[in-house]
Amino acid sequence: MGDHTECVRVEFDPALVTYTDLLALFWKSHVPSHPSCTQYRSIIITTTPEQKAAAASSVEAWSAKRSQTMHTAVVALEDTSYTRAEEYHQKWVLKSRGKG
């Protein structure tokens with residue numbers, strides 16, 4: 001498997017949706033995994049200092065809301081390496097619709 005974390009890259013237009021709205025959607029649809037599982041660990045990778053601060057704040061807020069510690073790492077993109085997945089993984093949900 002290797003030492004990697006699977007993730008989804010989200011590109012958005014801040015004129016249409018705010019980063020705060022994206023974080024709220026993330027928490028509503030995400031169940032954080034156990035922190036010892038590297039491949040499927042819970043992580044938010046940010047591209048600006050403002051995003052990193054907002055993401056860290058959201059981890060604290062959702063931990064309080066759920067009354068449990070959210071083991072979600074907040075990492076700046078420049079502090080990690082990002083490798084695009086193989087082509088057969090791209091748009092996987094769209095490609096796999098209707099296949100079982």
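How much area does the chain expose, and what share of it do carbon and sulfur atoms supply? The chain exposes about 7,700 Å², and carbon and sulfur atoms supply 55% of that area; accessible areas come from the Shrake-Rupley method with a 1.4 Å probe.

Colleagues, please note that this is a predicted model, in which local features need pLDDT of at least 70 and side-chain atom pairs count only at pLDDT 80 or more, while totals for chains, interfaces and linings use all residues. Residues are numbered from 1 along each chain as its sequence is written, and side-chain values use heavy atoms, with hydrogens and water left out.

I turn to the overall fold. The chain contains three helices and two strands, which are DSSP runs (H or I, at least four residues, for helices; E, at least two, for strands). Read from the N terminus, the order is α-β-α-β-α. Of the 100 residues, 19% count as buried, that is, under 20% relative accessible area with a 1.4 Å probe. Among contacts (heavy atoms within 4.5 Å) between residues at least 6 apart in sequence, 66% join residues at least 24 apart.

Now to the helix pair. Helix α1 (residues 19-29) packs with helix α2 (residues 49-66) at an angle of about 40°, the axes being 10 Å apart. The angle therefore makes α1 oblique to α2, a class outside under 35 degrees, over 145 and 65 to 115. On the α1 side, the contact is made by Y19, L23, A24, W27 and K28; α2 contributes Q51, A54, A55, S58, V59, W62 and R66. These contact residues divide into eight nonpolar, two polar and two charged.

Methods
Axes fitted to C-alpha atoms, helices over the stretch in contact; angles between N-to-C directions. Nonpolar A, V, L, I, M, F, W, Y, C, P; charged D, E, K, R; others polar. Buried < 20%, exposed > 50% of the residue type's maximum accessible area, 1.4 Å probe, protein only.
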